[in-house]
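This report concerns the packing of side chains and helices in one protein chain. It takes up the aromatic residues, then a pair of helices, and then the nonpolar cores.

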Amino acid sequence: VVPVPAMRQDMWLSPMKLFEYMASGKAVVASAMGQIVNVVRDGENGLLVPAGDGQTLADAINRLIADPDLRGRLGRQAHADALKNHSWEQYLLHLEQILNNAIIGAIAGYLVLWTVYWLFKLATGKEGMGYGDFKLLAAIGAWLGWTMLPLVIMLSSVVGAVVGIILIVAANHGRNIPIPF
């Protein structure tokens, strides 16, 4: 039983105990609030009751006491769901995936601008950007993932082009004068 009193606002509640109860293979009765509603599917792997409703909570518990088949079915499904979706192994696999994407994003972000930097420098003999730009795109790649890098580069290029055009046209900025950006 995972009861929660009625609250004025929806709060974040750690579902760790809920996962432990589910993993034990016992039928779960829980308050329908917070992350609990994303874990317990009413009538499939547990029973949900409104938060703070003592009578409905008691009715759900009595329903499980009176129906051993329902109790067994909900407990077995809760156990399977806990192992499949909420075990420490699953958590670590998810964390590993996040870290791998962050590392790939950081490396890709840094190398993309590093490559552009060197191509520009070899072609013109001038430096077109600083190393801080590489680090910034590496941080963005780590945060958003490598798949977002083309969009970030495209959007920043469009914004840079628009600002440059506005400065050249509206502010009578000479074309050969560098624009700090």
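## Aromatic pairs

In this predicted model, the structure contains six aromatic pairs. In one of them the ring centres of Y110 and F134 lie 5.3 Å apart and the ring planes stand at 80°, an angle over the 60 degrees required, so this pair is classed as edge-to-face. The pair joins distant parts of the chain, since Y110 belongs to helix α5 (residues 88-124) and F134 to helix α6 (residues 131-144), with the two positions 24 residues apart in numbering.

F134 also pairs with Y131, again edge-to-face, with 4.9 Å from centre to centre and 65° between the planes. Because Y131 and F134 are three residues apart in helix α6, about one helical turn separates them.

## Aromatic cluster and accessibility

Y110, Y131 and F134 belong, together with Y117 and W118, to one aromatic cluster. Are the members of the two pairs described above buried or partly exposed? F134 has a relative accessible area of 0% and is therefore buried, the limit being under 20%. Y110, at 28% relative accessibility, counts as partly exposed, and Y131, at 38%, likewise counts as partly exposed.

## Packing of α6 and α7

Helix α6, which carries Y131 and F134, also meets helix α7 (residues 149-170), and the axes of α6 and α7 come within 10 Å and cross at roughly 135°. Because an angle of this value is neither over 145 degrees nor between 65 and 115, α6 and α7 are oblique to each other. The crossing in which α6 passes α7 is right-handed.

On the α6 side, the contact is made by L137, I140, G141 and L144, while α7 contributes L149, V152 and I153.

## Nonpolar cores

In soluble globular proteins, nonpolar side chains tend to be buried together. The largest nonpolar core here has 11 residues, namely V2, L18, F19, M22, V28, A30, I36, V39, V40, A78 and A82. Three helices, α1 (16-23), α2 (36-39) and α4 (68-85), each provide at least two residues of this core, and α1 gives the most, with three residues.

Separate from this core is a second one of nine residues, among them L47, L57, L64 and L74.

Notes:
Residues are numbered from 1 along each chain as its sequence is written. This is a predicted model: local features need pLDDT of at least 70, side-chain atom pairs count only at pLDDT 80 or more; totals for chains, interfaces and linings use all residues. Side-chain values use heavy atoms; hydrogens and water are left out. A nonpolar core is a set of buried Ala, Val, Leu, Ile, Met, Phe, Trp, Tyr and Cys residues joined through side-chain atoms within 4.5 Å. Buried means under 20% relative accessible area, exposed over 50%, partly exposed in between (1.4 Å probe, protein chains only). Helices (H or I, at least four residues) and strands (E, at least two) are DSSP runs, numbered from the N terminus. Rings of Phe, Tyr and Trp (its six-membered ring) pair if their centres lie within 6.5 Å; planes under 30 degrees apart count as stacked, over 60 as edge-to-face and the rest as tilted. Axes are lines fitted to C-alpha atoms, for helices over the stretch in contact, and angles run from 0 to 180 degrees between N-to-C directions. Angles under 35 degrees count as roughly parallel, over 145 as roughly antiparallel, 65 to 115 as roughly perpendicular and the rest as oblique. A crossing is left-handed if the near helix is turned anticlockwise from the far one by less than a right angle, and right-handed if clockwise. Contact means heavy atoms within 4.5 Å.
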